[in-house]
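Here's a quick briefing to read with the structure open. It goes through a sheet, a hairpin and some ring contacts.

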Amino acid sequence: MIDPALLPHMRPDRSFQGLLLTLQTFWANQGCVVLQPYDMEVGAGTFHPATTLRALGPKHWKAAYAQPSRRPKDGRYGENPNRLQHYYQFQVILKPSPANLQDLYLQSLDAIGIDTKLHDVRFVEDDWESPTLGAWGLGWECWCDGMEVSQFTYFQQVAGFECAPVAGELTYGLERLAMYVQGVENVYDLNFNGREGAEKVTYGDVFLQAEKEYSRHNFEHADTDMLLEQFRMAEAACAKYLAAGEDGERHLMAQPAYDQCIKASHVFNLLDARGVISVTERQSYILRVRELAKACGAAWLKTEAGGGAAA
Amino acid sequence: MPDLLLELFSEEIPARMQAQAADALRKLVTDALVERGLMYEGAKAFVTPRRLALAVHGLPGRQADSKEERKGPRVGAPEAAIQGFLKSTGLASIEQAEVVKDAKKGEFYVALIERPGKATTEVIADIMPDIIRTFPWPKSMRWGTGTMRWVRPLHSIVCTFGTDIEDPEVIRFEIEGIVSGDVTRGHRFLAPEAFPVRRLEDWLAKLEAAKVVADRDRRKAIILNDAKDLALANGLELVEDEGLLEEVCGLVEWPVTLMGSFEERFLDIPDEVIRATIRANQKCFVLRDPRTGRLANRFILVSNIAATDGGKAIVAGNERVIRARLSDAKFFWDTDRRTPMADRLGKFDNITFHEKLGAQGARIGRIVTLAQEIAPLVGADAALAGEAARLAKADLLTEVVGEFPELQGLMGRYYAQHENLPPEVAAASEEHYKPQGPSDRVPSAPVSIAVALADKIDTLVGFWAIDEKPTGSKDPYALRRAALGVIRIILDNELRLPLRPLLVSAARQILGEEHYEHNPHDALGVESFADRLVGEIIKGLTRRLAHVPRGEESTAAAGAERIEGATLSGDLAADLLSFFADRLKVHLRERGARHDLVDAVFALEGQDDLLLVVRRVEALADFLGTEDGRTLLAGYRRAVNILRIEEKKDGVAYKGPAEAKLLKEAAEEHLAAAIETVKHQVSEEVKHEHFAAAMGALSHLRGPVDAFFDAVIVNAPEAPLRANRLKLLDEIRSATRGIADFDRIEG
């Protein structure tokens, strides 16, 4: 049930930011550290080091954060009511996955106003795999009245390493969820700030122009020569930082190296959207990013937070 | 007799795994019980999204006691042997063993080991952890800090044992901190509280009260009946869909059927697209309007809860999603129709069909050529067949097929119709994929046949060329299906179509000059043929060099290349033909034909006309069903047996014809004359493909053969006579060869 004490403009069913804040508060109350988005372009919240890297190693970890996700290929010049090349994921990671993770998830839905006595919430098989991250897990897509509103995954492997303990990951598609609870058919009509009348700001006010501009950029103008070069440079830099950070049993620079892996991945997505990567090349680019991810994962496991370096 | 109840309660089990898991649990547990001497009367497994359960009915309370006599060392054997015997039998001292006398071996010890049977509860507690740990889930996972695997996190286990007149006993065992007990939970949302259960009946009744229908078949029946009723009440018909029903019943514990609708404007989209959209994305059923035969703008969804508002919010939510999905589908459908199919073809050059077989564009080019070649043989217009082949795959690049690959072909037909292309071209788009399975329709329109055959033959030859043939149960490119498709198209349409030339010309295209230039060794899997090839080339070279004067070796080299080309595609065709023969056997066997007769016919040289093979097989089967046929077969075997024995003895092969002047007996002359006539008749009839008549001619041999064996001694003392008679026997063999290889006939 939505907290009745909330001011109208803060209600998750009336305000996009209200929804985000409600989820943040909910998971903060479960003991998560509430982080801010990672300051790089990523394709999904999973790329945030707070998930990818923290999922590795023995140390316990609970975090929640919103992450803008860039999918250059999904741009539709602002003309599709459901598809965006930039959207928000709300990401929760709990390691080890608690026994009541499903219940916690359902409570979080309740907090944003989805009453499970009124709505049909279902856990439908959906195994998750990220070829670029060398990661996979088993879980579900969570349906509310036939609409997928979240991904629910028990990580089994990340960067090619077994996860032990296993982390549970929840990914809420914020726009979809907001459209559902606000009862809106077009993403650009979402009420962003919860105000009405002249004070109301919609999702379209904030992002429509950006969607148009980035669609042009992603499909027509992104400088492919530069991007190809950037990919090469990020790949080389990643290797260079990994080598420089080696310190016997320890590793001293896993995170800066991983930044370059993130960079390479995003550059690849842009190149893919520009259509300059052939089918066969595509596979090899994915493998190249995966190699970076694996190397970074191995390095992370030798850091203190990765549990590898005794104090 | 007591019953066992077992329930493994977990997070949501994927729908597609549930039925198999229920079977596996029943088999694993009952097998383990039987293996330990515990027979049972019946067992039934249950499965819902959150629980996998098993009831085993009529088990004994304990295992029977067992006695075993074990022979030990002789009396007075070394101490070490005695100690070993005591240890292995569990006896405290050797005095507990009996001493048995044996006339030959003297005195030796025998231990009488009595094992009291264990209580069934104890046996079950022993076997369960292992069954759970090694359960054959197609995919399983770890969770939390544990190391055990299950399909999704396992939460609790019920395990009780007892008769209906007592309180059942809880069988305790532990697996990764989960201790089995007698407590379960109801529906996730409608009755989440925990409650104790006793036995199967109690478990079923309490679950039902807690909004869980545990029996999978019952859930299916409820969904199907309710869906049909709901449709009927609205004057509509449910479009039944067994696959969807299977899936949906695995997504709910408490099925509640509801109906929703969408705007009529979406009915502009082809029915198949609407259905695919609603089925694949939303797992909802579609409905047909019996007045129009087309889909209605309604759908049926199966919810997992009885909602407090009667399902209004659920229907509204689903309608919204379906509206969005259908908007996408309509957008795709409209967009697709704006681009002519032909305009898409260029893209195929950049799409890989298979890493080693090059681009889709090149493949389409080959299919076009092959379809044009086949066309006149199947009564199709070559130009039309070529055009149909060129466009047949074009729909793969459309948005709708991108979204719903299962609609390939069908969409091609719609788009071709939209462009007013010739109806044969539109039909071939859809029909060239057929037949997809044993029950699928076989195309009968000539243009569709030409394209379908070309497509399948190119596929087969291509994967043969790169050595990706099916092995055992592995057939990732569905090559068996493709071969069976070719067989069915030929037989059902009664086509006279020698396959070898088509296989060779497909192979020529695939192994073409250009490929040779670019990837002389690896890309085509040529290496797999290399050994045989090298042998052939050297042979060919030697042959040529022997006849070619010095100084003209370059011609010889060119000749060798020709030999290589011919051999490679020729070998491939021969290999593929034998694959076709195997598939044909399977096909004919399924229709009741004798596989040995197929073998007998295929054993003849150059059998690549499937229709003729089948006609021969049929004629042969009919013939062997007659008295004449059976007797002739017996005579044939007698002749061949004698021949085989004598040929082995003499170390020579006797080849007819016999010499007329050495024929002494009347029966001999008679047989020789009959063979002469029959051979001629058979070959005439076979030439005209009158196989029944050929068999009739062959039957004229029966009398003379019988008379020959009655009157003539083959192994005559005079060597020339004997040799001549053996030659005569060989003539019987060769007379039958016009029809089949009778050696291969069984029974």
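**Sheet, hairpin and rings**

In chain B, helix α5 (residues 216-233) lies across β13, β14, β15 (285-288) and β16, and runs at about 35° to β14(B). Bear in mind that this is a predicted model.

**The sheet in chain B**
- The strands under that helix make up an open, antiparallel sheet of four, in the order β13-β15-β16-β14 (chain B).
- β13 (237-238) and β14 (256-261) of chain B each have a single partner strand, so they are the edges, with one side left without a neighbour in the sheet.
- Six bridges hold the antiparallel pairing of β14(B) with β16 (residues 295-303) of chain B, and B:Val256 sits opposite B:Ser303 of β16(B).
- Helix α8 (residues 312-338) of chain B also lies across β14 and β16 of chain B, at about 125° to β16(B).

**A hairpin in chain B**
- Strands β5 (residues 98-102) and β6 (residues 106-115) of chain B pair antiparallel over five bridges, and three residues join them in a hairpin.
- B:Asp102 has B:Gly106 as its bridge partner in β6(B).

**Aromatic pairs**
- Searching the whole structure turns up 34 aromatic pairs over all chains.
- For A:Phe90 and A:Tyr172, the ring centres are 5.9 Å apart and the planes at 65°, so this pair is edge-to-face.
- A:Phe90 is in β3 (residues 86-95) and A:Tyr172 in β9 (residues 168-173) of chain A, so the pair ties together parts 82 residues apart in sequence.
- Both A:Phe90 and A:Tyr172 are buried.

**Charges over rings**
- A:Arg70 puts its charged end over the ring of A:Tyr214, 5.0 Å from the centre.
- A:Arg288 lies over the face of A:Tyr285, 5.1 Å from the ring centre.

Technical notes: Residues numbered from 1 in each chain as written. Chains lettered and ligands numbered in written order. Predicted model: local features only at pLDDT ≥ 70, side-chain atom pairs only at ≥ 80, totals over all residues. Heavy atoms only, no water. Pairing = 2+ DSSP bridges. Helix = DSSP H or I, 4+ residues; strand = E, 2+ residues; numbered from the N terminus. Contact = heavy atoms within 4.5 Å. Axes fitted to C-alpha atoms, helices over the stretch in contact; angles between N-to-C directions. Phe/Tyr/Trp six-rings, centres within 6.5 Å; stacked < 30°, edge-to-face > 60°. Buried < 20%, exposed > 50% of the residue type's maximum accessible area, 1.4 Å probe, protein only. Lys NZ or Arg CZ within 6 Å of the ring centre and 35° of its normal.
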